[in-house]
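Morning, everyone. Let's walk through one structure together. Please have the sequence and the 3D view ready.

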Amino acid sequence: NACCPRMSIVGGRQEPAELVYGRRMSETLTRMIAEPTECLCIAARGQHIERWLLPRDSYPPGRVGYLKWRKDQRAFQASRLGEIMESAGYEGGAVARVGFLIRKESMKTDAEVQTFEDVICVMFFEHYLRDFANRLEEEMLASILVKTWNRMSELGHRHALMLDLPPVVTRLLERELGALSSAA
């Protein structure tokens with residue numbers, strides 16, 4: 001992901017955005033899970049691999065276009081990670097498992113897939129939510145928060161609530177879900 005053309009500012013320096021994203025995923029995973037599996041580590045680090053090759057604006061606008069883009073991204077990322085893993089000598093079972101994680105198959109029934117989703121959501125809350133909160137209308141932000149919160153397990157909720165969330169986020173979570181009072 002060092003070739004990502006989009007840049008993020010981290011510590012006053014510009015860095016490739018998807019490289020930053022991968023690092024943040026790895027850091028969040030190791031903070032949340034004491035001993036993650038190697039497949040989970042690979043999926044977390046590679047979730048957005050070469051994401052820029054399938055740009056969002058090459059799909060129709062709106063929810064249907066967005067969902068198709070996300071599905072295609074997952075398929076591409078699973079395939080690309082599989083290629084890299086095979087070239088590094090990984091066996092088919094590990095390659096298949098990373099693809100399963102990336103595609104988020106059986107999220108509510110497979111504990112590791114759910115953990116992967118929790119890591120994604122907590123990392124989003126920590127690093128990207130503040131920007132969303134600053135540029136979205138409150139009702140749209142509330143909708144995103146509810147959808148994100150409902151994808152997370154109790155593990156994700158606990159870690160999200162440890163973060164320094166923007167006041168509007170805590171207020172909306174409380175209003176929409178009673179999330180903070182029930183977690184206290």
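Start with Glu 112 and Arg 97. These two form a salt bridge, and their closest N and O atoms are 2.9 Å apart. Keep in mind that this is a predicted model. Now look at where the partners sit. Glu 112 belongs to helix 5, residues 111–127, and Arg 97 to helix 4, residues 92–102. The pair links distant parts of the chain, 15 residues apart.

Is Glu 112 buried or exposed? Its relative accessible area is 15%. The cut-off for buried is under 20%, so Glu 112 counts as buried. Arg 97 has 23%, which makes this residue partly exposed.

Why can such a pair form at all? Side chains of opposite charge can pair when their charged atoms come close. In this model, the count comes to 17 salt bridges.

Next, Arg 175. Which residues does Arg 175 bridge to? One partner is Glu 138, with the closest N and O atoms 3.4 Å apart. Arg 175 is in helix 9, residues 167–177, while Glu 138 is in helix 7, residues 138–151. That is a gap of 37 residues in sequence. Another partner is Glu 139, with the closest N and O atoms 3.2 Å apart. Glu 139 is in helix 7 and Arg 175 in helix 9, so this bridge ties together parts 36 residues apart in sequence.

Salt bridges with shared partners join up here. Glu 138, Glu 139, Arg 171, Arg 175 and Glu 176 make one network. How accessible are some of its members? Arg 175 is partly exposed at 41%. Glu 138 is partly exposed too, at 31%. Glu 139, at 52%, is exposed.

Back to helix 5, and on to its packing. Helix 2, residues 38–46, packs with helix 5 at an angle of about 35 degrees. Their axes are 11 Å apart. The crossing is right-handed. Who meets whom? From helix 2 come Leu 40, Ala 43 and Ala 44; from helix 5 come Glu 112, Thr 115 and Phe 116. So Glu 112 turns up again, this time in a helix contact. By class, this contact has four nonpolar, one polar and one charged residues.

Stay with helix 2 for a moment. Its buried residues are Cys 39, Leu 40, Ile 42, Ala 43, Ala 44 and Gly 46. They pack against helix 1 (17–32), helix 3 (62–87), helix 4 and helix 5.

Now the inside. The largest nonpolar core has 43 residues. Which residues have the most contacts inside that core? They are Met 25, Val 98, Phe 125 and Leu 145. Helix 5 gives the largest share of the core, nine residues. Zoom in on Phe 125. Leaving out residues up to four places away in sequence, Phe 125 touches Leu 145, Thr 148, Trp 149, Ala 160, Leu 163, Leu 165 and Leu 173.

Last stop: the loop between helix 4 and helix 5. Most residues other than glycine have a negative phi. Lys 104 is not a glycine, yet its phi is positive, about 55 degrees. Lys 104 lies in this loop and is buried, at 17% relative accessibility. Ser 106 is in the loop between helix 4 and helix 5 as well. Its phi is also positive, about 55 degrees, and Ser 106 is not a glycine either. At 39%, though, Ser 106 counts as partly exposed.

That's my tour. Thanks for listening.

Terms used. Residues numbered from 1 in each chain as written. Predicted model: local features only at pLDDT ≥ 70, side-chain atom pairs only at ≥ 80, totals over all residues. Heavy atoms only, no water. Salt bridge = Lys/Arg side-chain N within 4 Å of Asp/Glu carboxyl O. Helix = DSSP H or I, 4+ residues; strand = E, 2+ residues; numbered from the N terminus. Buried < 20%, exposed > 50% of the residue type's maximum accessible area, 1.4 Å probe, protein only. Axes fitted to C-alpha atoms, helices over the stretch in contact; angles between N-to-C directions. Left-handed = near helix turned anticlockwise from the far one by under 90°. Contact = heavy atoms within 4.5 Å. Nonpolar A, V, L, I, M, F, W, Y, C, P; charged D, E, K, R; others polar. Core = buried A, V, L, I, M, F, W, Y, C linked by side-chain atoms within 4.5 Å.
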